[in-house]
Amino acid sequence: EVQRLRAMLGEMGSSLQKLTNSIAQVKLTTMPYEASALAEDLKKKLDATFPETQHAVQWEADASDALLESDPQILQEAFLELFANAFLHERGEGPVVATATTDETHFTLTLREPKKKFEAATENWGREPFGQMAHGHYGLGLTRVRSIIEAHGGTFTARYDTQTSELVTTVALPLHQT
């Protein structure tokens with residue numbers, strides 16, 4: 001009985017820690033990070049984190065070696081949350097298409113997720129915590145993603161393309177200006 005109670009308390013503590021991390025203010029420890037390395041590292045981390053989905057993502061990476069000033073660990077956390085959502089929620093037929101590009105001022109990652117159906121409003125994407133709650137999930141993932149992206153000086157948008165039945169999520173991060 002004592003062991004069972006300890007296990008329950010351990011699970012509660014773990015859940016409470018996750019919840020706290022989800023709503024806590026993002027604190028960055030930044031470093032220069034090449035945009036092309038970010039894209040490549042993200043692909044590797046995605047394959048390691050979700051090995052069963054390796055063939056579910058079609059990568060189109062054309063990012064330069066331009067530098068971002070970022071916290072790579074926290075930034076990857078945000079991107080992995082976007083992919084996790086793409087794999088879990090109302091997934092349609094076909095791959096998730098991930099496009100990583102750079103221009104003169106920004107690194108941009110765009111995810112095009114096929115959706116069977118999509119009825120959610122995207123104007124406040126990631127601004128409404130506790131929107132979709134389930135056991136052990138508090139609907140804070142996109143809120144955390146938005147906080148991380150904005151802490152990096154970036155933007156986070158989503159829209160549903162009715163012609164292609166795809167949710168298009170775009171993250172744009174400023175490149176380091178020297």
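At 36% relative accessibility, Glu77 is classed as partly exposed in this predicted model, since its value falls between the limits of 20% for buried and 50% for exposed residues. Arg144, by contrast, has a relative accessible area of 14% and is buried. The side chains of Glu77 and Arg144 are joined by a salt bridge, with 2.9 Å from N to O. This pair connects distant parts of the chain, as Glu77 belongs to helix H3 (residues 72–88) and Arg144 to helix H4 (residues 141–151), with their positions 67 residues apart in sequence.

## Helix H3 and its crossing with H4

The axes of H3 and H4 approach within 9 Å and cross at roughly 145°. The crossing of H3 past H4 is left-handed. On the H3 side, the contact is formed by Ile74, Leu75, Glu77, Ala78, Glu81, Leu82 and Asn85. On the H4 side, the residues involved are Gly141, Leu142, Arg144, Val145, Ile148 and Ile149. Both partners of the salt bridge described above, Glu77 and Arg144, thus appear among the residues of this contact.

The length of H3 can be checked against expectation. With 1.5 Å per residue, its 17 residues should span 24 Å, and the C-alpha atoms at its ends are 24 Å apart, so the two values agree. Of these 17 residues, 13 are buried, and H3 is therefore largely enclosed by the rest of the structure. Just after H3, Glu90 adopts a positive phi of about 50°.

## The salt-bridge network around Asp161

The structure contains seven salt bridges. How far apart are the closest N and O atoms of Arg112 and Asp161? The distance is 3.5 Å, and the two residues form a salt bridge. Here too the pair links distant parts of the chain: Arg112 lies in strand S5 (residues 106–114) and Asp161 in strand S6 (residues 155–161), 49 residues apart. Arg112 is partly exposed, with a relative accessible area of 23%, whereas Asp161 is buried at 15%.

Asp161 also forms a salt bridge with Arg159, with an N to O distance of 3.9 Å; this pair qualifies because the cut-off is 4 Å. Arg159 has a relative accessible area of 43% and is partly exposed. Through salt bridges with shared partners, Arg112, Arg159, Asp161 and Glu166 are joined into one network.

The three salt bridges discussed individually are set out below.

| Salt bridge | N to O distance |
|---|---|
| Glu77 and Arg144 | 2.9 Å |
| Arg112 and Asp161 | 3.5 Å |
| Arg159 and Asp161 | 3.9 Å |

## Aromatic pairs on H3

Three aromatic pairs are present in the structure. Phe50 and Phe87 make up an edge-to-face pair, with 5.5 Å from centre to centre and 70° between the planes. Phe50 is located in the loop between helix H2 (35–49) and strand S2 (57–62), while Phe87 is in helix H3, so that the pair links parts of the chain 37 residues apart, helices and strands being assigned as DSSP runs. Phe50 and Phe87 are both buried.

What is the arrangement of the rings of Trp59 and Phe83? Their centres are 5.7 Å apart and their planes stand at 40°, so the pair is tilted. Trp59 lies in strand S2 and Phe83 in helix H3, and this pair again links distant parts of the chain, 24 residues apart. Phe83 is buried, with a relative accessible area of 0%. Ring pairs connect Phe50, Trp59, Phe83 and Phe87 into a cluster. Helix H3 thereby contributes Phe87 and Phe83 to these ring pairs.

## Ser70 and Gly153

Two further positions contrast in their accessibility. Ser70 lies in strand S3 (residues 67–70) and is buried, with a relative accessible area of 1%. Leaving aside residues up to four places away in sequence, Ser70 touches Thr29, Thr30, Met31, Tyr33, Leu75 and His152. Of these, Leu75 is also one of the H3 residues in the contact with H4.

Gly153 is situated in the loop between H4 and S6. This glycine is exposed, with a relative accessible area of 51%. The C-alpha atoms of Gly153 and Leu175 are separated by 9.8 Å, the two residues being 22 residues apart along the chain.

Terms used. Residues numbered from 1 in each chain as written. Predicted model: local features only at pLDDT ≥ 70, side-chain atom pairs only at ≥ 80, totals over all residues. Heavy atoms only, no water. Helix = DSSP H or I, 4+ residues; strand = E, 2+ residues; numbered from the N terminus. Buried < 20%, exposed > 50% of the residue type's maximum accessible area, 1.4 Å probe, protein only. Expected span 1.5 Å × (residues − 1). Contact = heavy atoms within 4.5 Å. Phe/Tyr/Trp six-rings, centres within 6.5 Å; stacked < 30°, edge-to-face > 60°. Axes fitted to C-alpha atoms, helices over the stretch in contact; angles between N-to-C directions. Left-handed = near helix turned anticlockwise from the far one by under 90°.
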